[in-house]
Amino acid sequence: MPEITDKTVEKIARLANLQLAPDESGRFSEQLEKILGYMHKLNQLDTTNVPQTAQARQGRNIWRADVVVPGLEREAVLAEAPDVQDYGFRVPRIIE
Amino acid sequence: MRELSAKQIHEKIIAKEITATAVCEAALQRIHSTDSQVKAFLAVDEQGALAAAKAVDRKLAKNEPVGPLAGVPIALKDNLCTKGFPTTCASKILAGWKPPYQATVVERVRAADAVPVGKVNMDEFAMGSSCENSAFFPSNNPWNQECVSGGSSGGSAVAVASGMVPLALGSDTGGSIRQPASLCGIVGIKPTYGRVSRYGLIAYASSLDQIGPLAQSVEDAAMLLQVIAGCDQKDSTCTDMAVPNYTEQMQSGIKGLTIGLPQEYFSEGLDPEVKAAVEQAKQVLQDAGARLVEVTLPHTEYSLATYYLIATAEASSNLARYDGVQYGLRAEADNLIAMYKATRAQGFGAEVKRRIMLGTYALSAGYYDAYYKKALQVRTLIQRDFTEAFNKCDIILTPTSPTVAFRRGEKTEDPLAMYLSDIYTISANLTGLPGISIPCGFNSEGLPIGLQLIGKVFDEQMLLRTAQTYQSHTDWHTKRPILA
Amino acid sequence: MSQDYEIVIGLEVHVELSTASKIFCGCPTTFGAEPNTQVCPVCLGLPGTLPVLNQQVLTFAIRAALACNCQIAQHTKFDRKNYFYPDLPKAYQISQYDMPLAEHGSISIDTTQGEKSIGITRVHLEEDAGKLVHQSQGGQIGTAASSLADYNRTGVPLIEIVSEPDLRSADEAYAYLTALKEILLYTKVSDCNMEEGSLRCDANISVRPRGQEALGTKAELKNMNSFKNIRDAIEYEAKRQIRVLEEGGKVEQETRLWDADKGTSHSMRSKEEAHDYRYFPEPDLPVVYLSEKMIADQQQQLPEMPQARRHRFQKEYGLSEYDAGVCTMSPAMAEYFEDAAKKAVSAKVSAKTVCNWITVELQGKLKADGKEISNSPIASGQMAELTRLIERGKISGKMGKDVFADMYVTGKDPEVIVQEKGLSQISNSDEILKMVAAIIAANPNPVAEYKSGKTQTIGFLVGQVMKASQGQANPKLVNQILRDCLDKNI
């Protein structure tokens, strides 16, 4: 059975950029442990040499021709933006 | 108006017995009087609907040709992008967002001259089986307003079941059309993966999502499927196979058809009343000329785990774009990472966060092989099960949901129990096969029970034929809930 | 001591393909447009949108991979690389992880020790990210209070070409990049313009004591925007690592940013643990099946590669290694030269002479004007014709330069210019004999000096004849006839 520690939850939350409230963090580790425990039943199956299915069906190649198609007017592009400056989407300072 | 099917409305409009505008006004009126009890709609587009209806009437007045759904009111699940009209996925993170483009299915129903009347409720980002995960409010089951509508296309099912609209579009990732259809006593179809374009459907799990119709009858559902199905240059997972005429052979019966009964779907966890209703339905179909055979789908018990690993992994990636940069909610913060974290913390509900966490975990270094990769392999085994089973039968019959509609709040504290309500529907998503849910009875409390049929790949015709045959021998689909 | 260490370098080169539209949508790829004017719902990654692969991207990538002698996969798939950054609107990049388009290639480079083969690990497809402008003095991210995202570049098609760690010096890395760029230009899949970011390079560098088999810990170097930068950065990094080892330290596995102004690099310290990109198969794009025909078609379209062409030019046209190098600098140059050379050879004029005129006169002039050979005002056939006129003695070499200058300005044929200006050289012996006789008669003293043994006086006399002919006499003929006359009279 997998053990989901608060530390694991913290790491996953960081990867997913989710800020968890203290009570959320505890609840999630409990719930995730239970859910993943259930998922663990897959390990009863021997899947050696079983190919993976990532897509429901495999069809023909569907491609587009290299043709320029008009996109959006800039006004529409920026219409929903929370913060715009000089026609760019502004984001707060980036700490590397 | 409420007693009329989509087909009848359309025919009356074409015959100029009623105007599209009158139909539209009646639908809007019904929404005003009824929706406060069932809460199906997130936003009603009164102006847009009337404009569309008037356009139909104008065409008819000028004797111009009209589309196959001319004048029929339709509700759209709020994860289908509507150009210039709010599309929220029932999430705070997208509240008020107006897409600058139209989903392909919305374009198609508009081109067919249907009249979209508004956007309907759902579990946030289609994650849920009860509509209780909507960030705004849950939708209520019209048969018992203390019970859930089912989900995630709860609003779509409720809008149709309570007679506000004859048609609705929903999306189905693990049963999200079929399960609410079953719980609300209507018809819902999840087409074969690739039959309907997903362009403009806000993704939950891209390899499982499929858009489909909800309606009072099989015939109405088929009419809507006919309009939305078919190749789209904007979705490369959508097939370029020709779309057959779905209504053509619907009446030709099922003599000689072999129906497979997977034993795994009739075992523990199945509500006895649901089981009894489905057993009865089997009998009806046998009497109509079908042959019943036992089939086995041995990996059924692994499908739920497989589904939740794949769906959440894809979701964790699909929902990463809600970061407060381009659109939707932004929480102000001093630096970028803090902004990301606060925006997503405030914008997403608990179930969405839980699934993002689960999916992120399943894909992360060190766990990928044990969880995500393993799930993709078991998905192959599940597909093989169905291929085997379809060597012995033409169609598979199961209950749609193990239970009838449950009470609101009953399962919200136990995610796993909630997940189990998808147990019979998810395999069709994992395999991409088409599935339909049709009403097949009521339990002792008067709550509807649904019957599921699963067909071979791209064989929606056989599903429709079988379902239509069943409906021609029963009247469950004609029952309506009583609403003030 | 540095000579005890071996430097091991592998390069990751990102190349923008020269398609008209983006990899997954129809937006244009042109450089330098106003911010956020070349975008659509798809490349903005708006909710509900889906990618559809541009077929030309596949075609170009296959051609480039074949030119790098790679094996093309029969089927290949896309994967999502997940990370948050404001230049990445979907918060994942569509790339290729475990089933790249092509693998197991190699390209040959010329080093001081001769030819060397450098392995190509893989060539894969991906989409480019957008551009961030940092709001601070000098555009530095560290001090910026905010940044502005422009998504015009988002979704421009890229191929990433990953080399094996086969390079052993900064010079070899430079030679590899030069060779790779030539190949990409030759196959016409990219303009390889580094200033516009069409070609970008990251370097993985490690050092190990010579003779040791195991690789040392590598550092990844980024932010180098010219081949010279790359060479400098590698040299700096190798020295830095050797110094760390010699001081008894350990090389850290890290990403370092090159600062071209300071000529140093610094570590990109990330507070968080190493990136976990959570690659998984892109569900929105079906697996791509590449038919044998599609690959064969591109194989056929493949032009002769620069190195092969260089060797052929040396053999076929008798060019020196240096001249062959200049003549194959770009596909346009090679085509220009070969066209001129063929015409010259068929007129029995030496290709070598044509080469000289092209590489010295024409190249010199084009360079001074900042022009490319493809925009040369003189056609290749005209260059061949000019060379023919000179070799046949119709005009002198000196006249040739004047004619060339005129051709460059007017674009006229050399013969037309020669006629218009009455430049044709006097090669008629009788006419020259008359002039020579007159000069001998008019210059008794120099003639006497010549006859007394001061043979260098002939130069003066030739000059007098040339002057009298207004420069039009064939100097070779003048010299010969003058000598004959003077010697005969002894």
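What follows is a walk through the chain contacts, the nonpolar cores and two helix features of this predicted model.

Chain B has contacts with both of the other chains discussed here. On one side, 41 residues of chain A are in contact with 56 residues of chain B. The chain A side draws at least two residues from each of α1 (6–15), α2 (22–39) and β2 (88–92), and α2(A) gives the most, with seven residues. Sorted by class, this side of chain A comes out at 26 nonpolar, eight polar and seven charged residues. The contact between chains C and B involves 26 residues from chain C and 33 residues from chain B. Here the chain C side splits into 17 nonpolar, four polar and five charged residues.

Next come the cores. Nonpolar side chains in soluble globular proteins tend to be buried together. In this model the largest nonpolar core holds 263 residues, and the members touching the most others are Ile74(B), Ala61(C), Ala65(C) and Val123(C). Helix α9 of chain B (residues 300–318) supplies the largest share of this core, 10 residues. A separate core of 34 residues also turns up, with Ala351(C), Ala384(C), Leu389(C) and Ile390(C) among them. Back in the largest core, Val123(C) is worth a closer look. Setting aside neighbours within four places in sequence, Val123(C) is in contact with Ala61(C), Ala64(C), Ala65(C), Cys68(C) and Cys70(C), and also with Pro100(C), Leu101(C), Ala102(C), Gly105(C), Ile159(C) and Ile161(C).

As for individual helices, α5 of chain B (residues 154–161) has eight of its eight residues buried, so this helix is largely enclosed by the rest of the structure. The buried set runs through Gly154(B), Gly155(B), Ser156(B), Ala157(B), Val158(B), Ala159(B), Val160(B) and Ala161(B). Just past the end of α5(B), Gly163(B) adopts a positive phi of about 75°.

Finally, there is a helix pair in chain C. The axes of α7(C) (residues 331–346) and α8(C) (residues 351–369) come within 8 Å and cross at roughly 140°. Because of that angle, α7(C) counts as oblique to α8(C), and the crossing is right-handed. From α7(C), the contact uses Phe337(C), Ala340(C), Ala341(C), Ala344(C) and Val345(C), while α8(C) brings Ala351(C), Val354(C), Cys355(C) and Ile358(C). By class, that gives nine nonpolar residues, no polar and no charged. One of the α8(C) residues in this contact, Ala351(C), is also listed in the core of 34 residues.

Conventions: Residues are numbered from 1 along each chain as its sequence is written. Chains are lettered from A and ligands numbered from 1 in the order in which they are written. This is a predicted model: local features need pLDDT of at least 70, side-chain atom pairs count only at pLDDT 80 or more; totals for chains, interfaces and linings use all residues. A residue is buried if 20 or more other C-beta atoms lie within 10 Å of its own, exposed if 12 or fewer, and partly exposed in between; C-beta atoms are placed from the backbone. Helices (H or I, at least four residues) and strands (E, at least two) are DSSP runs, numbered from the N terminus. Two residues are in contact if their C-beta atoms, placed from the backbone, lie within 7 Å. Ala, Val, Leu, Ile, Met, Phe, Trp, Tyr, Cys and Pro count as nonpolar, Asp, Glu, Lys and Arg as charged, and the others, Gly among them, as polar. A nonpolar core is a set of buried Ala, Val, Leu, Ile, Met, Phe, Trp, Tyr and Cys residues joined through C-beta atoms within 7 Å. Axes are lines fitted to C-alpha atoms, for helices over the stretch in contact, and angles run from 0 to 180 degrees between N-to-C directions. Angles under 35 degrees count as roughly parallel, over 145 as roughly antiparallel, 65 to 115 as roughly perpendicular and the rest as oblique. A crossing is left-handed if the near helix is turned anticlockwise from the far one by less than a right angle, and right-handed if clockwise.
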